[in-house]
Amino acid sequence: MTKLGRAGAPAIRCDKVEVSIKKKKVLNQVAFEVGAGCLAGLLGPNGAGKSTLLRLLTGLLPPDSGSVELFGAPAGPDRLAEVSFLPDRGQLPVYLSAGEWLGFAARLYPDWSRARERELTAKLEVDPARRIGSMSRGEEARLQLLTCLSREAPLLILDEPFTGVDLLSRERIASAVVGEMADGERTFLIATHDIREMEHLFDSIVLLGDGTVKAAYEVEALRESGRSVESCYREVFA
Ligand SMILES: Nc1ncnc2c1ncn2[C@@H]1O[C@H](COP(=O)(O)OP(=O)(O)OP(=O)(O)O)[C@@H](O)[C@H]1O
């Protein structure tokens with residue numbers, strides 16, 4: 001079992017988790033922990049099982065075996081109020097404007113913060129008048145991120161939050177938005193291929209390959225040993 005983060009009940013704990021989809025084993029004996037208040041990166045090549053693992057954490061997909069716990073109690077659909085999830089594929093209603101969607105989301109989620117919504121609308125440069133169906137991929141990704149971060153859930157699970165976002169915006173959003181939100185109180189698990197833009201924000205990383213945890217590190221310990229997240233990733237997956 002790989003332990004990451006602070007002492008106390010971890011925000012996420014997976015033990016011996018197995019999942020098969022259409023007879024293919026997608027997750028195999030997955031075990032790791034993420035401490036409460038950490039910003040953790042879930043890294044790995046295409047098809048490694050990252051999105052499947054994140055869906056499991058939200059409770060939307062049950063494991064075939066093994067245990068998944070959030071803050072010391074089993075994950076499941078009844079825990080969705082504690083998890084703000086940004087899925088990897090767009091699921092926003094195309095016929096609404098961004099403003100109409102945000103108004104709907106504010107009524108849907110009891111933990112919605114209007115103040116944070118206003119702040120993020122400016123920072124992420126979302127135009128409330130734009131219809132979602134007419135947005136570019138990058139623009140829709142910003143709205144997805146705005147939706148996810150406007151909630152005050154203790155656990156944020158983001159699956160590829162920067163898909164389609166251009167390089168400079170990615171860097172700016174990573175620091176000014178995600179970095180600022182990670183205040184040591186809330187826990188983030190972010191699956192991403194944008195290692196360079198995110199590496200300075202991660203407290204810990206979990207490297208997933210072929211459905212298993214290949215390695216997990218505290219980033220500070222990595223740096224002390226003169227290594228970077230990127231060099232580690234290359235070592236494990238080269
Ligand atoms: N509904 C499904 N039907 C068939 N196979 C699936 C399904 N969902 C996932 N898989 C398979 O499970 C494996 C893991 O997929 P997953 O989407 O979790 O990977 P990932 O690490 O998120 O990949 P990427 O970085 O490309 O997003 C892949 O081989 C994928 O083809």
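Student: By class, what does the shell around the ligand look like?
Tutor: The shell has three nonpolar, six polar and three charged residues. Here Ala, Val, Leu, Ile, Met, Phe, Trp, Tyr, Cys and Pro count as nonpolar, Asp, Glu, Lys and Arg as charged, and the others, Gly among them, as polar. Bear in mind that this is a predicted model: local features need pLDDT of at least 70, side-chain atom pairs count only at pLDDT 80 or more, and totals for chains, interfaces and linings use all residues. Residue numbers start from 1 along each chain as its sequence is written.

Student: OK, which residues are around the ligand?
Tutor: Ile21, Lys22 and Val26 are among them, and so are Gly44 and Asp88. The others around the ligand are Asn46, Gly47, Ala48, Gly49, Lys50, Ser51 and Thr52. A residue gets on the list if its C-beta atom, placed from the backbone, lies within 6 Å of the molecule.

Student: Which element gives the largest share of that shell?
Tutor: Helix 1, residues 50–58, with three residues. Helices (H or I, at least four residues) and strands (E, at least two) are DSSP runs, numbered from the N terminus.

Student: How many helices and strands does the chain have?
Tutor: Eight helices and 10 strands.

Student: And in what order do the strands of the open sheet run?
Tutor: Four strands make up that sheet, in the order 2-1-4-5, with antiparallel pairing. Strand 2 (24–34) and strand 5 (73–74) are at the edges with a single partner strand each, so one side of each has no neighbour in the sheet. Two strands count as paired if DSSP finds at least two bridges between them.

Student: How many bridges join strand 1 to strand 4?
Tutor: Five, with strand 1 covering residues 12–21 and running antiparallel to strand 4. In that pairing, isoleucine 12 stands opposite leucine 70 of strand 4.

Student: What about strand 4 and strand 5? How many bridges there?
Tutor: Two, again in the antiparallel sense, with strand 4 spanning residues 65–70. Leucine 70 has alanine 73 of strand 5 as its bridge partner, and glutamate 69 stands opposite proline 74 in strand 5. The two strands form a hairpin with two residues between them, and phenylalanine 71 in the turn has a positive phi of about 50 degrees.

Student: Why would anybody point out a positive phi?
Tutor: Because most residues other than glycine have a negative phi. Lysine 16, in strand 1, also has a positive one, about 50 degrees, although it is not a glycine. Glutamine 29, in strand 2, has a positive phi of about 55 degrees and isn't a glycine either.

Student: Is lysine 16 buried or exposed, or somewhere in between?
Tutor: Lysine 16 counts as partly exposed, with 13 C-beta neighbours inside 10 Å. The cut-offs: 20 or more other C-beta atoms within 10 Å of a residue's own make it buried, 12 or fewer make it exposed, and anything in between is partly exposed, with C-beta atoms placed from the backbone. Glutamine 29 is partly exposed too, with 15.

Student: Switching to glycines. Where is glycine 138, and what does it touch?
Tutor: Glycine 138 is in helix 4, residues 137–149. Leaving aside residues up to four places away in sequence, glycine 138 touches Gly164, Val165, Asp166 and Ser169. Contact here means C-beta atoms, placed from the backbone, within 7 Å of each other. Glycine 138 counts as partly exposed because it has 14 C-beta neighbours inside 10 Å.

Student: And where's glycine 103?
Tutor: In helix 2, residues 98–108. Glycine 103 is partly exposed, with 14 other C-beta atoms within 10 Å.

Student: Zooming out, how does the radius of gyration of the chain fit a compact globule?
Tutor: It agrees: with 238 residues such a globule would come in near 18 Å, and the chain has 17 Å. That radius is taken over C-alpha atoms, and the globule rule is 2.2 Å times the number of residues to the power 0.38. Of the 238 residues, 40% count as buried.

Student: Last one: what's the mean pLDDT of the chain?
Tutor: The mean is 91, and 97% of the residues reach 70 or more. pLDDT is the predictor's confidence in each residue, from 0 to 100. For the complex, the predictor gives an ipTM of 0.96 and a pTM of 0.93.

Terms used
Contact = placed C-beta atoms within 7 Å.
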